Amino acid sequence: MNKIIDFIGQRKSWAIPYAIVMLIFIIAPLFIVAWYAFQDGDATSLHQFEKFFNSDDSTDFNTFIYSIGIAMITTIVCILVGYPAAYFMADKQFKTPQVMVLLFILPMWINLLLRTLATVALFDFLHLDLGEEALIFGMVYNFLPFMIYPIYNTLQKMDPSLNEAARDLGATPAQVFWKVILPLSMPGVYSGILMVFMPTISTFAVSELLTMNNIKLFGTVIQDNMNTGLLNYGSALSLILLIIIGISSLFGGKDDK
């Protein structure tokens with residue numbers, strides 16, 4: 001009994017529940033996806049990956065490239081809109097940043113599908129066509145907070161004495177921003193890029209609703225293959241996307257150090 005009490009009292013024992021949950025709901029599903037991705041009938045094969053990269057037999061690779069383009073546009077717009085908002089909220093002279101943060105949080109309390117349906121209703125009310133422009137607008141609307149929050153947290157934690165030292169050395173406000181604030185805020189910018197770029201590629205509900213299912217993104221391709229029983233090919237597509245996310249995260253972690 002004393003051994004059990006001593007074991008529970010150790011800090012490392014508290015990681016066991018998390019390790020069990022991670023094993024069941026993260027590691028095991030990833031192994032299942034990887035196993036299906038390399039199966040072709042009863043044999044292990046790279047046929048599913050060859051099918052994806054062979055653009056003559058499939059348009060899925062072109063859809064993937066198109067999804068990257070949409071994700072890049074969405075990410076750039078989110079940066080252009082989100083960075084000034086985060087910079088304004090992190091300003092020490094701004095007395096009520098909590099109010100602005102709350103205003104950005106409020107839409108996140110509503111389900112993604114409901115927000116997208118509201119966007120569809122807005123375009124219908126304004127008599128605007130649903131299509132690529134509506135898709136980009138909906139992507140920016142849904143993922144903008146994921147760009148603002150990392151940048152805001154980075155700027156808020158920045159030491160004000162660095163700005164004061166730069167000004168004492170004769171730097172203009174523009175020079176302070178470009179040579180001090182912007183470089184130091186890049187970890188937050190990169191985190192925001194990961195949180196916007198990757199989900200934009202893999203989403204399917206937003207593109208289906210905002211384009212009347214006329215434009216497919218990579219997430220829609222994966223969903224269609226899973227729904228039609230092509231588990232091997234759908235798993236291969238999922239694994240490709242997962243590898244890209246993992247590589248991007250690894251490079252981002254090295255840059256932040």
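Reader: What do the buried residues of H6 pack against?
Author: In this predicted model, the buried residues of H6 pack against helix H7 (132-156) and helix H11 (205-210).

Reader: Which residues of H6 are the buried ones?
Author: They are Arg-115, Thr-116, Thr-119, Val-120 and Phe-123. Each is called buried because its relative accessible area is under 20%.

Reader: What makes these buried residues line one face of the helix?
Author: Looking down the axis of H6, the buried residues fall within an arc of 145 degrees, so they line one face. An α-helix has 3.6 residues a turn, so residues three or four places apart point the same way.

Reader: Which exposed residues sit on the face of H6 turned away from the buried side?
Author: That face carries Leu-114, Asp-124 and Phe-125. The word exposed applies because the relative accessible area of each is over 50%.

Reader: How do you know what span to expect for H6?
Author: H6 covers residues 112-125, which is 14 residues. The expected span is 1.5 Å times one less than the number of residues, and for H6 that gives 20 Å. From first C-alpha to last, H6 reaches 20 Å, close to the expected value.

Reader: Why is Asn-111 called a cap of H6?
Author: A side-chain oxygen of Asn-111 lies 2.8 Å from the backbone nitrogen of Leu-113, at the N-terminal end of H6. A polar contact needs a pair of N or O atoms within 3.5 Å, so the 2.8 Å pair meets the cut-off.

Reader: Where is Leu-122, and is it buried, exposed or partly exposed?
Author: Leu-122 is in helix H6. Its relative accessibility is 39%, and partly exposed covers the range between under 20% and over 50%. Leu-122 therefore counts as partly exposed. As for its distance to another part of the chain, Leu-122 and Thr-75 are 47 residues apart in sequence and 22 Å apart in space, C-alpha to C-alpha.

Reader: What follows H6?
Author: H6 is followed by His-127, in the loop between H6 and H7. The phi of His-127 is positive, about 60 degrees, although the residue is not a glycine.

Reader: How do you know whether His-127 is buried or exposed?
Author: The relative accessible area of His-127 is 71%. The cut-off for exposed is over 50%, so His-127 is exposed.

Reader: What is the phi of Asn-213, and where is this residue found?
Author: Phi of Asn-213 is near 65 degrees, a positive value in a residue other than glycine. Asn-213 is found in the loop between H11 and helix H12 (218-227). With a relative accessible area of 45%, Asn-213 does not pass the 50% cut-off for exposed, so the term is partly exposed.

Reader: How do you know whether Ser-235 is buried or exposed?
Author: Ser-235 has 4% relative accessibility. Buried means under 20%, so Ser-235 counts as buried. This residue is found in helix H13 (residues 231-256). Apart from neighbours within four places in sequence, Ser-235 is in contact with Val-33, Tyr-36, Ala-37 and Met-226.

Reader: Where is Gly-229, and what makes it exposed?
Author: Gly-229 is in the loop between H12 and H13. Its relative accessibility is 52%, and exposed begins over 50%, so the term applies.

Reader: What does the side chain of Ser-45 reach?
Author: The side chain of Ser-45 reaches the backbone nitrogen of His-47 at 3.0 Å. The limit for a polar contact is 3.5 Å, so this pair is within it. Ser-45 lies in the loop between strand S2 (43-44) and helix H3 (47-53). Not counting residues up to four places away in sequence, Ser-45 touches Ala-37, Phe-38, Gln-39 and Asp-40.

Reader: How many helices and strands does the whole protein have?
Author: The protein has 13 helices and two strands.

Reader: How do you know whether the protein is spread out or a compact globule?
Author: The radius of gyration is 23 Å, and the globule rule gives 18 Å for 257 residues. The radius is well over the rule, so the protein is more spread out than a compact globule. The C-alpha atoms fill a box of roughly 70 × 70 × 35 Å, taken along the principal axes. Buried residues make up 34% of the 257 residues.

Notes: Residues are numbered from 1 along each chain as its sequence is written. This is a predicted model: local features need pLDDT of at least 70, side-chain atom pairs count only at pLDDT 80 or more; totals for chains, interfaces and linings use all residues. Side-chain values use heavy atoms; hydrogens and water are left out. Helices (H or I, at least four residues) and strands (E, at least two) are DSSP runs, numbered from the N terminus. Buried means under 20% relative accessible area, exposed over 50%, partly exposed in between (1.4 Å probe, protein chains only). The arc is that of the directions from the helix axis to the C-beta atoms. Contact means heavy atoms within 4.5 Å. A polar contact is a pair of N or O atoms within 3.5 Å; within protein, one must be able to donate a hydrogen and the other to accept it, and residues adjacent in sequence count only if both atoms are side-chain atoms. The radius of gyration is taken over C-alpha atoms; the globule rule is 2.2 Å times the number of residues to the power 0.38.
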